[in-house]
Amino acid sequence: MSYLVATDGSTESDEAVRYAARQAVAFYETLEIAHVLTPDSELVDGTIILPGEEAAVEAGQGVLESARSVAAEAVGDESIDVETQLLTGRPADALTEYAADEAVDAIYVGHRGLSEEREQVVGSVAKSVVDKADVPVTVIR
């Protein structure tokens, strides 16, 4: 059993990591921290090419390590089991598919609080996760 928290390195996602870490400790769950790479891909001679793939992976691993530190700080002296996952694709799809495949018990996401007009145009990862997930989702504001 585990809890999944999404991070993109933003202040809002750090708040979600803190909250999820405290919940994981309180209920003796593993905390899985996930970052989704959304690379721009190109089709070259029938092969999908991801420009800057190494740099994107390195940056993603940095985001995950930073989130691991945020989680550890949030629980202080308490022991917490943390795993990190680097996913690819559209964030909401990648997170909810991972959650289903790995049978996580809950998902935690931060919400950036975009204006209503902007959110209607670009959508909200948090809203999409809520709509697509088969497990409880907590949105941290």
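A residue counts as exposed when its relative accessible area is over 50%. The model shown in these views is predicted.

**View 1. The loop residues Tyr28 and Ala103 have positive phi values.** Ala103 lies in the loop between α3 (91-102) and β6. Its phi is near 55°, a positive value in a residue other than glycine. With a relative accessibility of 55%, Ala103 is over the 50% cut-off and therefore counts as exposed. Tyr28 sits in the loop between α1 and β2. The phi of Tyr28 is near 55°, again positive in a residue other than glycine. The relative accessible area of Tyr28 is 77%, so this residue is exposed.

**View 2. Overview of the protein chain, with 5 helices and 7 strands.** From the start of the sequence to its end, the elements follow the pattern β-α-β-β-β-α-β-α-β-α-α-β. The chain has 141 residues, and 35% of them are buried. Of the contacts between residues at least 6 apart in sequence, 75% join residues at least 24 apart.

**View 3. An open sheet of 5 strands with parallel pairing.** The strand order is β5-β2-β1-β6-β7. Strands β5 (82-88) and β7 (137-140) are at the edges; each has a single partner strand, so one side of each has no neighbour in the sheet. On average, neighbouring strands are turned by 25° against each other, direction ignored. Helix α2 (residues 53-75) packs on this sheet and touches β2 (30-37) and β5. The direction of α2 makes about 150° with that of β2.

**View 4. The pairing of β6 with the edge strand β7.** Strand β6 covers residues 106-110. It runs parallel to β7, and 4 bridges join the two strands. Within this pair, Tyr108 stands opposite Thr138 in β7.

**View 5. Packing of helix α1 (residues 11-26) against α2.** The two helices meet at an angle of about 50°, and their axes are 8 Å apart. The angle makes α1 oblique to α2. The crossing of α1 with α2 is right-handed. On the α1 side, the contact is made by Asp14, Val17, Arg18, Ala21, Arg22 and Val25. Their counterparts in α2 are Ala67, Val70, Ala71, Ala74 and Val75. By class, this contact has 8 nonpolar and 3 charged residues, with no polar ones.

**View 6. Packing of α3 against helix α5 (residues 125-132).** Here the angle between the helices is about 35°, with axes 9 Å apart. The crossing of α3 and α5 is right-handed. From α3, the contact includes Pro91, Ala92, Asp93, Leu95 and Thr96. In α5, the residues that meet them are Val125, Ser128, Val129 and Lys132. The residues of this contact divide into 5 nonpolar, 2 polar and 2 charged.

Terms used: Residues numbered from 1 in each chain as written. Predicted model: local features only at pLDDT ≥ 70, side-chain atom pairs only at ≥ 80, totals over all residues. Heavy atoms only, no water. Pairing = 2+ DSSP bridges. Axes fitted to C-alpha atoms, helices over the stretch in contact; angles between N-to-C directions. Contact = heavy atoms within 4.5 Å. Parallel < 35°, antiparallel > 145°, perpendicular 65-115°, else oblique. Left-handed = near helix turned anticlockwise from the far one by under 90°. Nonpolar A, V, L, I, M, F, W, Y, C, P; charged D, E, K, R; others polar. Buried < 20%, exposed > 50% of the residue type's maximum accessible area, 1.4 Å probe, protein only.
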